[in-house]
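Colleague: I am new to this structure and would love a close look at one part of it. Could you take me through it slowly, and then show me what lies around it?

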Amino acid sequence: QAQLVESGGGLVQTGASLRLSCTASGRAFTTYAMGWFHQAPGREREFLAAISWSAVSTVYADSVKGRFSISRVNAENTMYLQMNSLKPEDTAVYYCAASRDKTIHTIARVTTQDGMHYWGKGTLVTVSS
């Protein structure tokens, strides 16, 4: 059974950095475009970043551009989100997701769970002020 598992969340102070990992199992996601989303309490799931299957192309939400960096290592079936200069408003559950047919630019418009083929269960990031 294919699944995505996020890790690396935690409690940090404003200005700190974290690196999230998304590890895939049960199948190879090497031909899937993938993305990171987050969801704060009482808010909709929000796109953060996406990466093409080849890792050549990336796209970011304006809110994280210049602070977050998405990458992947297909040989390890793992995707990463390096988060720098964290702010209290970054506090949320962070999800990784994969799509077998979307481009990174259409992934950037996903707002609901049925917009992607696979989702992880999320990892909580809390940024204290």
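Colleague: In the hairpin of β4 and β5, which residue takes a positive phi, and how many residues lie between the strands?

Modeller: Happy to help. What you see is a predicted model, in which local features need a pLDDT of at least 70 and side-chain atom pairs count only at pLDDT 80 or more, while totals for chains, interfaces and linings use all residues. Residues are numbered from 1 along each chain as its sequence is written, and side-chain values use heavy atoms, with hydrogens and water left out.

Your residue is glycine 42, whose phi is positive and near 75°. The hairpin has six residues between strands β4 and β5. A strand here is a DSSP run of E with at least two residues, numbered from the N terminus. β4 covers residues 33-39 and β5 covers residues 46-51. The two run antiparallel and are joined by five bridges; two strands count as paired if DSSP finds at least two bridges between them. One place to look is glycine 35, whose bridge partner in β5 is alanine 50.

Now follow β4 to another partner. Seven bridges join β4 to β9, again antiparallel, and among the matched residues are tryptophan 36 and its partner in β9, cysteine 96. Of the seven residues of β4, six are buried, so the strand is largely enclosed by the rest of the structure. Buried means under 20% relative accessible area, exposed means over 50%, and partly exposed is in between, using a 1.4 Å probe and protein chains only.

Cysteine 96 leads us onward, as it forms a disulfide with cysteine 22, with the sulfur atoms 2.1 Å apart. The rule asks for a pair of cysteine sulfur atoms within 2.5 Å, and by it the count comes to one disulfide. The link is right-handed, with 65° about the S-S bond. Cysteine 22 sits in β3 and cysteine 96 in β9 (residues 92-99), so the bond ties together parts that are 74 residues apart in sequence. Both ends count as buried: cysteine 22 has 1% relative accessibility, and cysteine 96 has 0%.

From cysteine 22 we can step into the sheet that holds β3. Four strands form this open sheet in the order β1-β3-β8-β7, with antiparallel pairing. β1 and β7 are the edge strands, each pairing on one side only. Neighbouring strands here are turned by 15° against each other on average, direction ignored; the axes are lines fitted to C-alpha atoms, with angles from 0 to 180 degrees between N-to-C directions. Within the sheet, β3 and β8 pair over six bridges, and serine 21 has tyrosine 80 as its bridge partner in β8.

Cysteine 22 also helps to line the largest cavity, along with residues including Phe29, Met34, Arg72 and Asn77. A cavity is a set of points on a 1 Å grid over the protein atoms alone where a 1.4 Å probe fits but cannot get out, and lining residues have an atom within 4 Å of a point. The structure holds one cavity of 30 Å³ or more, and the largest encloses about 50 Å³ of space, a volume being the space filled by probe spheres set on the points. β3 (18-25), β7 (68-73) and β8 (78-83) each supply at least two residues of its lining.

Asparagine 77, in that lining, brings us back to your phi question. Most residues other than glycine have a negative phi. Asparagine 77 has a positive phi of about 55° although it is not a glycine, and its place is in the loop between β7 and β8. Serine 85 shares this trait, with a positive phi of about 50°. Serine 85 lies in the loop between β8 and β9 and, at 40% relative accessibility, counts as partly exposed.

One last stop is the largest pocket, which holds about 170 Å³ of space. Among the residues that line it are Gln1, Leu4, Tyr118 and Gly122. The elements giving two or more residues to this lining are β1 (3-7) and β10 (118-119), and β1 gives the most, with four.

Notes:
On a 1 Å grid over the protein atoms alone, a cavity is a set of points where a 1.4 Å probe fits but cannot get out, and a pocket is an open set with protein on both sides within 12 Å along at least five of seven lines; lining residues have an atom within 4 Å of a point.
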